[in-house]
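Visitor: I have a model open and some questions about it. Can we go through them one at a time?
Guide: Go ahead.

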Amino acid sequence: MKSTPSLSFSKLGCVKGGRQLFKGVDCHLDAGQWLYVTGANGVGKTSLLRMVCGLASVEEGHILWNGTPIQKQFDAYHQDLCYLGHLNALQESMTVDENLRFTSALGGLAPNALQRREVLSRFGLRGRNAQLVRHLSQGQKRRVALSRLALSPARLWVLDEPYVAMDEAGVQMLADLIAEHLAQGGLTVLTSHQRVPIGHVPPQLLELQAA
Amino acid sequence: MSTSIPTSIQTIGISRVMLAVLKREIALGLRQKGEVLTPLIFFMVVASLFPLGVGAESNLLLRMAPGVLWVSALLAAMLSLQRMFATDHADGSLEQMVLSSTPLGLLVLAKALAHFLLSGLPLVLVAPVLGLQFGLDGRALGILMVSLLLGTPTLSLVGSIGAALTLGVRGAGVLLSLLILPLYIPVLIFGAGAVEADAAGLGIGGHLSLLAALLVLSLFFSPLATAAALRISLE
């Protein structure tokens, strides 16, 4: 086991299109904790999460992973990170299994056929391995994307509206998955308009407000 | 915990990640056959239009052949460039590539290689058939193929920079041509020049060496430039 991970923001701010979205955001997250980012539409939740991933550059303040700014250690940081955005990162004309294999490979992983089948059936996609993604419903596509999460050994999960398009059972499955991840010493940053409890772990709340 | 996922998932090195990208691109290309066939048919049609347009005077056709075939190949290779990152951008795969622990430049290199195999290599293989229409002899056809083989990978690599820069821009196709065609000029000059030089009795070593040098340069620099452009277009 590596050293216990931690994520912190100091005086984080975001300017988009000449408008200050938020500023002076401070927060600290230790292993086993999760951050629940809330706020009105357009207040910059997705922008914050993209900054945490390193997809958008940090202009104001700092994001520290284990005490070091993320932009100084991108390669190591990205090994520890799994991001699920609005888009599922699934290629429509490939099968479920091919997609899962490819997204895992991008993370440097090669789960074997049994492991892939197991994780898919856990998310209620038993027997769908060979189906083309374009023939799945929105919720099922989301479940395939979540399977990638379940296979990832990354310690920091960044989830942008993960419950969208999922049915009740799917939402519960995801909450259980996150609870397991936290119990194993992982961290999660999550935005959602649905308040879903994650196991018995109370969230750290971060309510973004327009600057 | 229900069916917990076994923690012993095999990890793979950078070269296997690149191989995974290459295999995926080729599988996708072969599944969407139109994308592979369109540039090829475009190449054959454009190159065949010239003899119809300028008449059947064999001396004229023979002199024009290398240039015409190379320009047609250039335009055909451009056709499929736009889609190089477009679908990955639309479905979010590109974000995952940027977030991969494998350097983005190497993933881009694998994608450019796939682009060459799917749209450059077929041109190389068809070129001799079209060359026959212009009355090129066996030796000239061979040189044409070698020059295309050395030149088309450069087209894919340099083209990837343009594809990345115009990602998500409206009217990207035209902008892409304006950006990239000027950069293709050196490849065109030395590619077509090799066949002409041989016909004139000069050596072809210089032309082919320069083509190879362009390839090495673009192998090194274009993935870096493309990766930087992709990061900017995702912000």
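Visitor: Take contacts in chain B between residues at least 6 apart in sequence: what percentage join residues at least 24 apart?
Guide: In this predicted model, 80% of those chain B contacts join residues at least 24 apart. Two residues are in contact if their C-beta atoms, placed from the backbone, lie within 7 Å.

Visitor: Any ground rules on confidence and numbering?
Guide: Local features need pLDDT of at least 70 and side-chain atom pairs count only at pLDDT 80 or more, while totals for chains, interfaces and linings use all residues. Residues are numbered from 1 along each chain as its sequence is written, with chains lettered from A and ligands numbered from 1 in the order in which they are written.

Visitor: How many helices and strands are in chain B?
Guide: Nine helices and one strand, in the order β-α-α-α-α-α-α-α-α-α along the sequence. Helices (H or I, at least four residues) and strands (E, at least two) are DSSP runs, numbered from the N terminus.

Visitor: What box do its C-alpha atoms fill?
Guide: Roughly 80 × 35 × 30 Å for chain B, along the principal axes.

Visitor: And what share of chain B is buried?
Guide: 44% of its 235 residues. Buried here requires 20 or more other C-beta atoms within 10 Å of the residue's own, with C-beta atoms placed from the backbone.

Visitor: Switching to the interface. How many residues does each chain give?
Guide: Chain B gives 28 residues and chain A gives 33 residues.

Visitor: Which elements of chain B give two or more?
Guide: Strand S1 (10-11), helix H1 (14-31) and helix H5 (93-99) of chain B. The largest share on that side, six residues, is from H5(B).

Visitor: How do the residues on that side divide by type?
Guide: Twelve are nonpolar, eleven polar and five charged. Ala, Val, Leu, Ile, Met, Phe, Trp, Tyr, Cys and Pro count as nonpolar, Asp, Glu, Lys and Arg as charged, and the others, Gly among them, as polar.

Visitor: What does S1(B) bridge to?
Guide: Strand S7 (residues 109-110) of chain A, antiparallel, over two bridges. A:Ala110 stands opposite B:Gln10. Two strands pair if DSSP finds at least two bridges between them.

Visitor: Inside chain A, which strand do five bridges join to S4 (residues 60-65)?
Guide: Strand S1 (residues 6-16) of chain A, antiparallel. A:Ser10 has A:His62 as its bridge partner in S4(A).

Visitor: Where's the positive phi in the hairpin of S4(A) and S5(A)?
Guide: At A:Asn66, near 55°, in a hairpin with two residues between the strands. S4(A) and S5 (residues 68-69) of chain A pair antiparallel over two bridges, and A:Trp65 has A:Thr68 as its bridge partner.

Note on methods:
Buried ≥ 20, exposed ≤ 12 C-beta atoms within 10 Å, placed from the backbone.
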